[in-house]
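Trainee: I should like to learn how the features of a protein model are read, one after another. May we work through an example together?

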Amino acid sequence: MKLIINGETQVCEAATLSELLHVLEYEGDWLATAVNGDLVHREDRACCRLDDGDRIEILSPMQGG
């Protein structure tokens with residue numbers, strides 16, 4: 001299926017947000033995620049089903065000063 005991940009169209013067969021993060025090698029509890037503009041909390045990622053055309057945003061904190 002086609003997903004729009006951080007503004008870029010990608011083809012991926014992940015069924016859930018949790019699977020997608022694993023495939024993309026995003027690991028850790030520090031990520032912020034949203035699907036179609038709705039925030040998805042860490043504990044809900046495994047049950048958050050993805051559909052063709054979904055827009056996913058994956059954000060990670062930056063260090064600096």
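Trainee: How much area does the protein chain expose, and what percentage of it do carbon and sulfur atoms supply?

Mentor: Accessible areas come from the Shrake-Rupley method with a 1.4 Å probe, and for residues only the protein chains shown count as cover. Here the protein chain exposes about 4,500 Å², of which carbon and sulfur atoms supply 48%. Please note that this is a predicted model, in which local features need pLDDT of at least 70 and side-chain atom pairs count only at pLDDT 80 or more, while totals for chains, interfaces and linings use all residues. Residues are numbered from 1 along each chain as its sequence is written, and side-chain values use heavy atoms, with hydrogens and water left out.

Trainee: What average pLDDT does the protein chain have, and which elements score lowest and highest?

Mentor: The pLDDT is the predictor's confidence in each residue, from 0 to 100. Where pLDDT is low, the predicted coordinates should not be read in detail. The protein chain averages 92, and 94% of the residues score at least 70. Among the elements, helix H1 (residues 17-23) has the lowest mean, 95, and strand S1 (residues 2-5) the highest, 98.

Trainee: How many helices and strands are there, and what pattern do they follow?

Mentor: Helices (H or I, at least four residues) and strands (E, at least two) are DSSP runs, numbered from the N terminus. The protein chain contains one helix and five strands, arranged along the sequence as β-β-α-β-β-β. Its radius of gyration, taken over C-alpha atoms, is 11 Å, close to the 11 Å from the globule rule for 65 residues, so the chain is as compact as a globular protein of that length. That rule is 2.2 Å times the number of residues to the power 0.38. The C-alpha trace spans about 40 × 25 × 20 Å along its principal axes.

Trainee: Is Ala34 buried or exposed, and which residues does Ala34 touch?

Mentor: Buried means under 20% relative accessible area, exposed over 50%, and partly exposed in between (1.4 Å probe, protein chains only). Ala34, in strand S3 (residues 32-35), counts as buried because its relative accessibility is 15%. Buried residues make up 31% of the 65 residues in the protein chain. A contact means heavy atoms within 4.5 Å. Not counting residues up to four places away in sequence, Ala34 touches Leu39, Val40, Arg55, Ile56 and Glu57.

Trainee: What does Ser18 contact, and where does Ser18 lie?

Mentor: Ser18 belongs to helix H1 and is partly exposed, with a relative accessible area of 34%. Leaving aside neighbours within four places in sequence, Ser18 is in contact with Arg45 and Ala46. For the protein chain, 54% of the contacts with a separation of 6 or more are between residues 24 or more positions apart.

Trainee: What sign of phi do Asn6 and Glu25 have, and where are these residues found?

Mentor: Most residues other than glycine have a negative phi. Asn6 has a positive phi of about 50° although it is not a glycine; Asn6 is found in the loop between S1 and strand S2 (8-11). At 32% relative accessibility, Asn6 counts as partly exposed. Glu25, likewise not a glycine, has a positive phi of about 65° and sits in the loop between H1 and S3. With 69% relative accessibility, Glu25 counts as exposed.
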